[in-house]
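Visitor: I'm new to this structure and would love a close look at one part of it. Could you pick a place where two pieces meet and walk me through it slowly?

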Amino acid sequence: MAKDVIVALDFPSREETLAFLDRFPAGEAKPFVKIGMELYYAEGPSIVREIKARGHRIFLDLKLHDIPNTVKRAMAVLSGLEVDMVNLHAAGTSAMMKAALEGLTRPGGTRPILIAVTQLTSTGPESLKDELLIETPMAETVLAYAKNAAASGLDGVVCSPLEAALVKERCGRDFCTVTPGVRFAGGDVGDQKRVMTPAQAAENGCDYIVMGRPITQAEDPVEAYRRAVSEFLG
Ligand code: C5P
């Protein structure tokens, strides 16, 4: 399975995003990037096309969650943007996940990688029980959602680097894990709580690590990106 570092383009505008991407030398391999809600809602599909045209692979992180027909049709639109990876909430249930796969599949049979969010890491055990009314402990809930995503035909899940090994064990070696919460040794942790270094994430079986601020806010982002790639891929 392909392993790679994905750079989170958490910027509010096209200008800031392109200024960041312009720092990467022409003629070198372009980083795989993640476009989230902030940038997508600010700039719309044109920013996706523009970054794609510059030669980047794109993970469009919009976390869809709606009735199956709506998600299917939205996914068909996103697939037409030629993105490489998209996601949804596993809480939409297997009918929604299967519909998403149908919508994503292009006439030629190709489609972006589809991964699921299980439980947001911002949801704690108390809100799981008291607000979502889920009595099953968090770790078991996450694994059950991951298994449901795998059974629905999805390619993987977003999970913490600490959960990656267990997800692989339960859902199969080819079920991919995409993990944020990665920091360089000795670096600023910011608001991430349970973090791992790129090398530890690799040891734990993560397929893709998502890194934002340690790269985007670095004094030398290109050097930080290269460091992440060399530590993660070895
Ligand atoms: O800057 P940082 O490396 O913390 O960025 C991590 C990226 O991964 C952000 O875009 C954040 O929204 C995303 N993410 C996360 N934790 C999750 C899911 C997504 O940090 N559980």
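Guide: Helix 4 passes helix 5 in a right-handed crossing. Keep in mind as you look that this is a predicted model. Helix 4 covers residues 68-80 and helix 5 covers residues 93-104; their axes lie 7 Å apart and make an angle of about 30°. Angles under 35 degrees count as roughly parallel, and helix 4 and helix 5 are therefore roughly parallel to each other.

Now find the side of helix 4 that touches its partner: Pro68, Val71, Lys72, Met75, Ala76 and Ser79. Across from them, helix 5 brings Ala95, Met96, Ala99, Ala100, Glu102, Gly103 and Leu104 to the contact. Sorted by class, the residues of this contact of helix 4 with helix 5 are nine nonpolar, two polar and two charged.

For a second pair to set beside this one, move along the chain to helix 7 (residues 138-151) and helix 8 (residues 164-171). Their axes cross at roughly 45° and come within 10 Å. Helix 7 and helix 8 are therefore oblique to each other, and their crossing is right-handed. Here Leu143, Ala146, Lys147 and Ala150 from helix 7 meet Leu166, Val167, Arg170 and Cys171 from helix 8. The contact of helix 7 with helix 8 holds six nonpolar and two charged residues, with no polar ones.

Ala146 leads us on to another spot, as Thr118 is in contact with Ala146 too. You will find Thr118 in the loop between strand 5 (113-117) and helix 6 (125-130). Is Thr118 buried or exposed? Its relative accessible area is 4%, so Thr118 is buried. Setting aside neighbours within four places in sequence, the contacts of Thr118 are Ala90, Val142, Tyr145, Ala146, Val157 and Val158.

Let's finish with buried residues in a helix, back at helix 1 (residues 14-21). Its buried residues are Thr17, Leu18, Phe20 and Leu21. They sit on the same side of helix 1, because they cover an arc of only 155° around the axis. And what do the buried residues of helix 1 pack against? Two strands are among their partners, strand 1 (4-8) and strand 2 (32-35). The partners also include helix 2 (37-43), helix 3 (45-53), helix 10 (213-216) and helix 11 (221-233).

Methods: Residues are numbered from 1 along each chain as its sequence is written. This is a predicted model: local features need pLDDT of at least 70, side-chain atom pairs count only at pLDDT 80 or more; totals for chains, interfaces and linings use all residues. Side-chain values use heavy atoms; hydrogens and water are left out. Buried means under 20% relative accessible area, exposed over 50%, partly exposed in between (1.4 Å probe, protein chains only). Helices (H or I, at least four residues) and strands (E, at least two) are DSSP runs, numbered from the N terminus. The arc is that of the directions from the helix axis to the C-beta atoms. Contact means heavy atoms within 4.5 Å. Axes are lines fitted to C-alpha atoms, for helices over the stretch in contact, and angles run from 0 to 180 degrees between N-to-C directions. Angles under 35 degrees count as roughly parallel, over 145 as roughly antiparallel, 65 to 115 as roughly perpendicular and the rest as oblique. A crossing is left-handed if the near helix is turned anticlockwise from the far one by less than a right angle, and right-handed if clockwise. Ala, Val, Leu, Ile, Met, Phe, Trp, Tyr, Cys and Pro count as nonpolar, Asp, Glu, Lys and Arg as charged, and the others, Gly among them, as polar.
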